[in-house]
Amino acid sequence: MADLTKEQAEQELEKIRPQLNEWRDAYYTKDAPKVEDNVYDKLYNQLLALEQQYPELVTPDSPSQQVGDVTLPDFNKVTHDIPMLSMGDVFSEAELAEFNERIEKNVGHEVDYNVELKIDGLSLSLIYENGILVQGSTRGNGTIGENVTENVKTIKDIPQKLSKPLSFEVRGECFMSKKEFLRLNQERENEGQQVFANPRNAAAGSLRQLDPKITASRKLDTFMYTIVTFDGLNVTTQHEALETLQELGFNVNPTAQVTTGLKGVKDFIEHYGEVRDNLDYGIDGVVLKVDDLVLQAQLGNTVKVPRWEIAYKFPPEQAESVVREITWTI
Ligand SMILES: CC(C)(C)c1nc(N2CCN(c3ncccn3)CC2)c2cc(C(N)=O)c(N)nc2n1
């Protein structure tokens, strides 16, 4: 911002201060940010620049003076030493068959897959040192995530202390059950607040709160699915990794199955495609992972996605309004 005269700076500040305070209040009290963080940050930095240029223009109600009880809408960032990759996805059985053929051609024989439900939540990384939870973070862009450690400590199904003094990273999905989603939205409706569009948004909005007390007031759950570093664990398959996670006290989705080649995958997909609406958590597909960890390493990853896994995606769940309409007609 070009150097302004003191009068011009004062006029600018009289506009910027209430705007930032309004945005910040919306961010906290309504969990519904009115603007993206970067828009807030940009205007906030303009305020800081003007106040640095003219310190005498700083007022007690300036957002720059609201330190302590209200930290800025920005999380500390963490770097994922091992990137949190994306997933290749397919939408038909023909594409699944192509994926399987590619794998079999590459390794020269049929392979076992660990088949998992794809939970519709947000990715979470947990780091433990000597069995103590020391960091929780979101996926972010796969390399840089947000540090949400204090919030993660309010999630009841995440162990803060493991039964073994392990130092490792585990990853999984943080989600909100459909039951909790309905309860929370009813509460927000009663309080005249904006409701969340779906459980995934509600989970993201609850985990990505800067006030852990707000996170604690929302019931979040997890299903963990990856041990990133296996040192000291004799785990040789993805299925064993899930069993080990369960033994260590993590919540693991109980439906995973090992199949030989694609046999059984079709039944798994059809079954969970049918019972999906009755599950208390959202799913948006099924994930196939080559079960053997040595084969996974042999197949490796492309820049963004592992070559050894694929996500079969379901069509979007039936819209709430359609369901309500049918009920209404009846
Ligand atoms: C370890 C790998 C990479 C194979 C992996 N990656 C996953 N994901 C990556 C892409 N993700 C992602 N998220 C946002 C933007 C782009 N990609 C969302 C998590 C998995 C997600 C689930 C689930 N949801 O239930 C699951 N059972 N297994 C996963 N396994």
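**Two sheets and a ligand**

Let me begin with one pair of residues, Tyr128 and Phe168, which stand opposite each other, with Phe168 in strand 7. Please keep in mind throughout that what we are looking at is a predicted model. The pair brings us to strand 4, residues 122-129, and strand 7, residues 168-175, which run antiparallel and are joined by seven bridges. For anyone new to this, strands of a sheet pair through backbone hydrogen bonds, either parallel or antiparallel.

Stepping back, we find that these two strands belong to an open sheet of four strands, whose order is 5-4-7-8 and whose pairing is antiparallel. At its edges are strand 5 (132-138) and strand 8 (221-227), each of which pairs on one side only, and from one strand to the next the twist averages 30°. Two helices can be placed against these strands: helix 6, residues 199-207, lies across strand 4, strand 5 and strand 7 and runs at about 40° to strand 4, while helix 8, residues 238-247, lies across strand 7 and strand 8 and runs at about 135° to strand 8.

Now to the other sheet, which is open as well and has five strands in the order 2-11-10-3-9, with mixed pairing. Which strands stand at the edges of this sheet? They are strand 2 (89-90) and strand 9 (257-260), and because each has a single partner strand, one side of each is left without a neighbour in the sheet. Strand 9 runs antiparallel to strand 3, residues 112-119, and four bridges join the two; within this pairing, Tyr113 stands opposite Thr259 of strand 9. Helix 3, residues 93-107, packs on the sheet, where it touches strand 2, strand 3, strand 10 (283-290) and strand 11 (309-313), and its direction makes about 175° with that of strand 11. Helix 9, residues 265-275, also packs on the sheet, touching strand 3, strand 9, strand 10 and strand 11, with a direction that makes about 15° with that of strand 3.

Finally, I would like to turn to the ligand. How many residues surround the ligand? There are 16, and the closest are Leu85, Glu116, Ile119, Glu173 and Lys289. In the side chain of Glu116, an N or O atom is 3.1 Å from a nitrogen atom of the ligand, and a polar side-chain atom of Glu173 lies 3.2 Å from a ligand nitrogen atom. Leu117 takes part through its backbone, with an N or O atom 3.3 Å from an oxygen atom of the ligand. Taken alone, the ligand exposes 600 Å², and the protein buries 78% of that.

Definitions and conventions
Residues numbered from 1 in each chain as written. Predicted model: local features only at pLDDT ≥ 70, side-chain atom pairs only at ≥ 80, totals over all residues. Heavy atoms only, no water. Pairing = 2+ DSSP bridges. Contact = heavy atoms within 4.5 Å. Axes fitted to C-alpha atoms, helices over the stretch in contact; angles between N-to-C directions. Near = heavy atom within 4 Å. Polar contact = N/O pair within 3.5 Å; in protein donor to acceptor, adjacent residues only side chain to side chain. Areas by Shrake-Rupley, 256 points an atom, 1.4 Å probe, with all protein chains shown as cover.
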